[in-house]
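Me: I would like to go through the terms used for this structure and set each value against its definition.

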Amino acid sequence: MKNTFYKLGFALSLIFIISSCEVDEVEDPNNPSLGSVLNDASKAELQTLVSGLEARHRAFYGSATQMFGSFGRELWAYFQSDARFVADWLGIGLDGVTYPDFFASGGTYITPYLAVKQANTLIDAANSSTALTEQERNGYIGFARTIKAYQLLIPLMQQFQNGIRVDVNDPLNPGPILSYDAALQAIRDLLDQAQNELNGSSFAFSLAGFDEFDTPESFTQLNRAIAARASLYAEDWAGTLTHLSDSFLNLEAGAEQMNVGPTIVYGEAPDVNNPLFYPPDAATNTIVIVHPALIEDAIPGDLRVENKFFKRKEAVFNPGVTDADGNDIPGEYQDNRWASNIAPIRFIRNEELILIYAEASAKLDNTNDAVDAINLVRNTWEIGNYTGSTLETDLIDEILFQRRYSLWAEAGHRWIDLRRTDRLNDTYIDLRDRGSIFNQVSRRTSETNWDASN
Amino acid sequence: MRKLYRKFQVLLALSLLAVGTVSAQQFSLNGKVTDSGTGEPLAGVNVIVKGTTIGVITDIDGNYNLTIPGTEGVIVASFIGYLTKELPVNSTTGTLNIDMVEDVTNLEEVVVTGLASSVKRSNLANAVSTVSADELLGTTDPQTLDNALYGKLNGVNINANGGAPGGGISVQLRGISTLGAGSSQPLYIVDGVYVDNSTIRTGRTQVSGASSGQNATTQDNAANRIADLNPEDIESIEVLKGSSAAAIYGTRANAGVIIITTKKGKAGKTKVSLRQDLGIARALNLQDFDDWNPDKITAFFGTGERAEAELQAYLQAVAEGRITNWEEEFYGETPLLSNTQVSVSGGNEKTTFYVSGGLRTEDGILKNTGFDRYSIRANIDHKFSKKLDMSLNSNYIRSSTQRGFTGNQNNTGGSIGYNIAYLPSYADIFPDAQGNYPNNPYFNDNPLAIRDLGVNDSDVDRFIVSSAINLNLLQTDNSLLKFTAQGGIDYISANSLVYFPEILQHQQALANPGDVMWGRNDNLNTNWQAFLIFNTNVGKTNFNTQVGTVRLHQSVENLLTRGRGLSGGQTNLRWATVQSIQGQFDQTVTDVGIVAQEEINWDDKIIGTVGVRFDRSTLNRDQDKFYAFPKASVAANIANFDFWTVNNVNQLKLRAAYGETGGLPNFGNTFESLTPQLIGGSLGGQVSVRGVDPNLEPETASELEFGLDASFFGNLISLEATYYIKEVNDLILDQVPAESTGIQAIATNAADLENKGIELALSGSPVRTNNVNWFSKVLYWKNRAEITRLNIPPFTTGGFGPTLGTYLIAEGLPPTTIVGTPGDADTPGGFTMHGDRLADFQMTFLNQITLYKNWELSFLFHWKQGGDNINLSAFLWDDGGTTPNWNGDDDGDGIPNGEDRQREWISDNNAGVYIQDASYVKLREIGLYYTLPQNLTTRLFNGLVERVKLGFSGNNLFLWTDYESYDPEVSNFGSQPIASNIEVTPYPTSRRMFFHLNIDF
């Protein structure tokens, strides 16, 4: 009996050894926690957030170019693996109206908001860091706020009259959806606020891209260039010219001058490839095709056509892109702009600023300034001076025509330009693909749901 | 904790008080136990004195010898597969020979119900499904364990993800138990080891482009790792389907528990068994793609330049006799299947052993695919003394799988099925004399090149080892205090290789041609438990008390490395221009539980059980908190009461059971982290898109189960009927904040779900004569699930979005509701309801007929009625012009059917076009066997061979369905709680036919 109790004691102790053993608290073994950077971040941690913001900032570009570009018939996304890249994006059968959570539309909505989230986090981290001087702090914040404003323009362009949220810092308590005009004004205010912050600041961080725009002074010029674009959208012509004068606008002809602008950069894995690069003549059915109207409508000798469009030896077909007779429309031209899959992209360029200058000038009846600016572009691409009518509406048509070629496939200008100038119709949009024209993309379900239940 | 300890002490003390006193008088008894049918002696029969722990086991000749206290008593003889017999004896009996009758209705079967105890089926308060070794493999030779369970379990929905060799099957017990946070798959426990049933990433989804990005795991089409187990080693499988039965497994048991027991040796003559299966496989249900002809070319390509070129290509192909049936070309192989199993078992009274080796080699119906499994096992049991015994079960397995490229892809052509959806029969894609594959003008790549040159291999090396000791601490005539401890290890080392050589067409279209993905995975599960069990009899009542603790630790280390821009023919990463880490993922989890259970059995008349388990887990947001999972059940055997006098009703049992279980959050859902992204040489940290709910709790399920079991006419017919209501509360769902906040998901307790279902089983032997023995069993089950509470807005989930059909989670609707375009403002979520993937009911019909003792015929039909699939294969076939009836004109409107459907999909914006009913009837198994007569065997083999059995069988031999693809059983995204039954050109299912030879020495 005594023996039994020894054994019982042994068994009991074994049982309790098993249960009472300490269990170590498990933390994420794979990643640093968000809390660590929000609580008195070091400069190294802030640099991680800055590079993260650069990475978030570039992510929308391919998607915006492909989807907005399809809407504006700058191009067709011949991605045969999913029929919706043409069926839905070209609005075939949709009669000009999208549906909530429209196919592959997150790239121009969710993606830019991820950059906004990152920018807000960087601002919070910089504000709570004790490792910074005030100049340095303002550098981080001015940089983050400028990028945030730029990124907010993308969902706003997608949603247009649906409006968007601008105050999105608290995920469970976001601000209201602002109207298009109010959101645009809020974005312009953010840019002005950032300009003030950048003034006299210093950059205690390094940037992978942005090329010549990585100091507080040059970055402020970029901030003003974005402000000029936003002001143009807001139809504040005088403000547009003011902002342009503080931007990196350079009213000079020449291909090199046209191409000045900040870069987003790409690399090989684990970096990301340039999303617009396709090897020339690749035997594939996944490729962006230049819309044939651009070839047909071009002024003979336009260097932009030669520079940007590559004629394939063999055409590509997509069973979803057919003409009125039901025949497949051959894809004959592909994008020729990129030397490789790691070529950088300039996300806003002097050529656009020149054309913004022309447009604001035309609107303010500074006809000569407008024509001069137009000719800067025309002569650069060797199509001679503008000789047409100088009526405002004709000048705007001419500017839109130049923008169509100068800014082709640069994140969707054509669709946005035609919409803001009331020209988004089949006079300006070639509908040989039997599709329809969207004015905007439906509000996302998550936004509708949030407002319905909160 | 301290409080718990005190409770435990009190319980233990109470139990010990019940120990009775010892009597001095005794008498002895001996006899022989035989089979009532054949008269053969039965070895290993348990003969015990009722109401005591005194008992012996019959020897090899069926003899027993027993000393019984007192002057009279009741002897209980029990043996697996036979009805228990009770006989009164007294000091004058002396010799008592016992005839045992075969148990047709399995009433006597012992079922594991606790972590350390078991109970006779006739006393069970739950409907626990059991599958024996014979039921599992007796008819045919299914490839994997989960495959072998089809149609044999009531209330269990088994759905193959596709037909690729090597497994990949989803098992859902009693409906939906989670919406994605917890595991949708049951817990598998093999000899006490928590075995890993995860699906290990291979990265195929990235290489084929099916989904890009870092975390997309679900389109790899890899197998779940239960496929590693060798079904041949299995003695029995018990399925605890709902929370009421599985409560004792606590926080991981919401999806049920499958308990697997492997074979053990028996004392006596050493037995050697050899099983050789040889077979072939053929595609079960090829669709026979639409023919191409000039008329069809016009209908599909129009009349332009392109159409003219296609017409020329067609005429040339006809002239060269090169019109090809691409389905036959790819899926038309007739592979050889071979399964060799050898086992040796035996031992003496102290030590028994079971040693087995298995070798399975199977090729697939698609070239360069196949599945090989090598398994070796040793199970050893040793009794040190009457008080102490131990066991060691060890198993090593190597599985090699080549699954090829099917299913989804994007922009690569890296899926045979997707690719040939667009390939007209006249396409010239055959390699030239030098072996160069021409470019495929119809898609991104040449599917022949993908088949011949692409590699998608995975190898698994696995050890499953468990050990247990039982120590009798205290034994009296009617009481026993036992200590049992058990521990186990499941270690998986997995390697995978996915490779597209640089010469492939779509690789040549990339900046860095050649793509290789190497996967390396180490999974280690360790678990152990220790229990004190106290069993005592007070009068006619038996008390069984158990208390114990359990601990489980899991670690996963996963590394995927990728090389692009490969040097000619090289797969070594150093020969890649671009070398990168696709993903490195580590995971570590610890659970600790404390268990107490009390079973009270009053003379097999009323049996009650109460129990509770307390669990904590590091997967919870609050890692230190214990959650309680109680259970209670009662069964009343009405027919065992004295007042029961109805002759032909031998058993009538009413039962009710209640229990609670848990479901844990996914690893990572309780962390807020940064994710890395390189940009231009700088490493950025991106704020993750996932937020954390500080109040997150585990999911809990509670289930109430009622049932009635009855058997009639001397146990020849039995009926088992069960009704259950299973509620899953605090389901963890991703709350989607406004996406503009940059947070896309916060795991939160957002919903409740209710499953109601019935399970009916009717079995019996309609004919039982000397020459004909016919056993028949019908199972019927149905389940209805409904979201009863949802405190986040209704949302769609799974699949490829509303234009192609997706699932809707909304209050008042089944979570398996399929919705899609066009919009419908009256439906929650805003889309039109198109169907529900859950079946209306399922039914199986099993028959086993023995003729003239030597012939056995058995077959198993499985009928699934209702349930819809999202058939995106049909969508692609219509898009590519390959659907079997594409060029017909059923509605006579002059527009071909395929074009009609595409127009309806696109112009009417109707996703419902490709959402189809997926009812089916399958002949799951059929087998005909002949056992050589004993005297012939003896004569032929000179006494060396004990038994020779030959047979033919078929597995999934026939399928009847209106569903318009290879198999209504399919899931592009693997095992999914909700988003199953979506197909994108899967690997077609095969029918398998075998010749069998079984020899026992």
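Me: What makes residues of chain A and chain B part of the contact, and how many does each chain give?
Reply: Two residues are in contact if their C-beta atoms, placed from the backbone, lie within 7 Å; the contact takes 87 residues from chain A and 79 residues from chain B. On the side of chain A that touches chain B, the largest share, 8 residues, comes from α1(A), where a helix is a DSSP run of H or I with at least four residues, a strand is a run of E with at least two, and both are numbered from the N terminus.
This is a predicted model, in which local features need pLDDT of at least 70 and side-chain atom pairs count only at pLDDT 80 or more, while totals for chains, interfaces and linings use all residues. Residues are numbered from 1 along each chain as its sequence is written, and chains are lettered from A and ligands numbered from 1 in the order in which they are written.

Me: Why does the radius of gyration of chain B agree with that of a compact globule?
Reply: The rule for a globule is 2.2 Å times the number of residues to the power 0.38, with the radius taken over C-alpha atoms; for 1001 residues this gives a value near 30 Å, and chain B has 30 Å, so the two agree.

Me: What makes a residue of chain B count as buried, and what percentage of the chain is buried?
Reply: A residue is buried if 20 or more other C-beta atoms, placed from the backbone, lie within 10 Å of its own, and buried residues make up 53% of the 1001 residues in chain B.

Me: How many helices and strands does chain B have?
Reply: By the DSSP runs defined above, chain B has 14 helices and 48 strands.

Notes. A residue is buried if 20 or more other C-beta atoms lie within 10 Å of its own, exposed if 12 or fewer, and partly exposed in between; C-beta atoms are placed from the backbone.
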